[in-house]
Amino acid sequence: MHTLQPPFWRARERAIPYMQRRMTSCKAACTLRVVPKTIQIRDLDDEVYAALSERAAAAGLSVPELLRVEAARLAARPSIEEWLARTRRRASTIDTAAVVEALDELRGDWPDARR
């Protein structure tokens, strides 16, 4: 015997896979730590916030969007220690004397050289 189901049962059956997909994506997001992070800055001077507001408005962004872009740019750059370590590893064929000589040529004579 075939029983007829009310229409709301069919809607519920269609909703279950959707909810399972939502739960799976939420579990994946929580497991993979893809959840966006929040940063709070306290004791920000009014002048600093006003300058950030002006820059954001000039760029067509909100202040949080501007800070998000700037934070991503800052995070992409190496720290000073990393940069120095990387540049020290580079081999150079130019010695210090050659650099000083080239700078002296570019600068010209010293102002008090005629004394």
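Where is the place of Leu67: in which helix? Keep that in mind as you work through these exercises on a predicted model.

**Exercise 1. Place Leu67 and decide how open it is to the outside.**

Step 1: find the residue on the chain. Leu67 is in helix H3.

Step 2: look at its relative accessibility, which is 33%.

Step 3: compare that with the cut-offs. Buried means under 20% and exposed means over 50%, with partly exposed in between. So Leu67, at 33%, counts as partly exposed.

**Exercise 2. Sketch the overall layout of the protein chain.**

Step 1: list the secondary structure. The protein chain has five helices and zero strands, and reading along the sequence gives you α-α-α-α-α.

Step 2: check how much is hidden. Of the 115 residues in the protein chain, 3% are buried.

Step 3: turn to the surface. The protein chain exposes about 11500 Å², and 58% of that comes from carbon and sulfur atoms.

**Exercise 3. Describe the largest pocket and say what lines it.**

Step 1: start with volume. The largest pocket comes to about 520 Å³.

Step 2: go to the lining. It has 18 residues, and Ile39, Pro64, Leu67, Arg68 and Ala71 lie nearest the centre of the pocket. There's our Leu67 again!

Step 3: ask which helices take part. Helix H2 (46-59) and helix H3 (63-76) each give at least two residues to the lining. The largest share, eight residues, comes from H3.

Step 4: sort the lining by chemistry. You get 11 nonpolar residues, two polar and five charged.

**Exercise 4. Find the nonpolar patch on the surface that includes Leu67.**

Step 1: name the members. They are Ile39, Ile41, Leu44, Val48, Tyr49 and Leu67.

Step 2: give their accessible area. Together these residues have about 570 Å².

Step 3: check that Leu67 qualifies. A patch residue needs over 30% relative accessible area, and Leu67 has 33%.

**Exercise 5. Work out how Leu67 and Leu66 sit relative to Ala56.**

Step 1: place Ala56. You'll find it in helix H2, and it is buried, because its relative accessible area is 1%.

Step 2: take Leu67, which lies in helix H3. Leu67 and Ala56 are 11 residues apart along the chain, and their C-alpha atoms are separated by 8.7 Å.

Step 3: do the same for Leu66. Ala56 and Leu66 are 10 residues apart along the chain, with 5.7 Å between their C-alpha atoms.

**Exercise 6. Track down the salt bridge and explain how its partners are arranged.**

Step 1: recall the idea. Side chains of opposite charge can pair when their charged atoms come close.

Step 2: count. The total is one salt bridge.

Step 3: identify the pair. Glu70 bridges to Arg73, and their closest N and O atoms are 2.6 Å apart. The cut-off is 4 Å, so this pair passes.

Step 4: look at the spacing. Glu70 and Arg73 are three residues apart in helix H3, so about one helical turn separates them.

Step 5: check accessibility. Glu70 is partly exposed at 33%, and Arg73 is partly exposed too, at 46%.

**Exercise 7. Spot what is unusual about the backbone at Asp43.**

Step 1: know what to expect. Most residues other than glycine have a negative phi.

Step 2: read the angle. Asp43 is not a glycine, yet its phi is positive, about 55°.

Step 3: put Asp43 in context. Asp43 sits in the loop between helix H1 (7-32) and H2. With 77% relative accessibility, Asp43 counts as exposed.

Key
Residues are numbered from 1 along each chain as its sequence is written. This is a predicted model: local features need pLDDT of at least 70, side-chain atom pairs count only at pLDDT 80 or more; totals for chains, interfaces and linings use all residues. Side-chain values use heavy atoms; hydrogens and water are left out. On a 1 Å grid over the protein atoms alone, a cavity is a set of points where a 1.4 Å probe fits but cannot get out, and a pocket is an open set with protein on both sides within 12 Å along at least five of seven lines; lining residues have an atom within 4 Å of a point. Grid points are joined across faces, edges and corners, and a volume is the space filled by probe spheres set on the points. Helices (H or I, at least four residues) and strands (E, at least two) are DSSP runs, numbered from the N terminus. Ala, Val, Leu, Ile, Met, Phe, Trp, Tyr, Cys and Pro count as nonpolar, Asp, Glu, Lys and Arg as charged, and the others, Gly among them, as polar. Patches are made of residues with over 30% relative accessible area and no salt bridge: like charges are joined within 9 Å, nonpolar side chains (Val, Leu, Ile, Met, Phe, Trp, Tyr) within 5 Å. Accessible areas come from the Shrake-Rupley method with a 1.4 Å probe; for residues, only the protein chains shown count as cover. A salt bridge is a side-chain nitrogen of Lys or Arg within 4 Å of a carboxyl oxygen of Asp or Glu. Buried means under 20% relative accessible area, exposed over 50%, partly exposed in between (1.4 Å probe, protein chains only).
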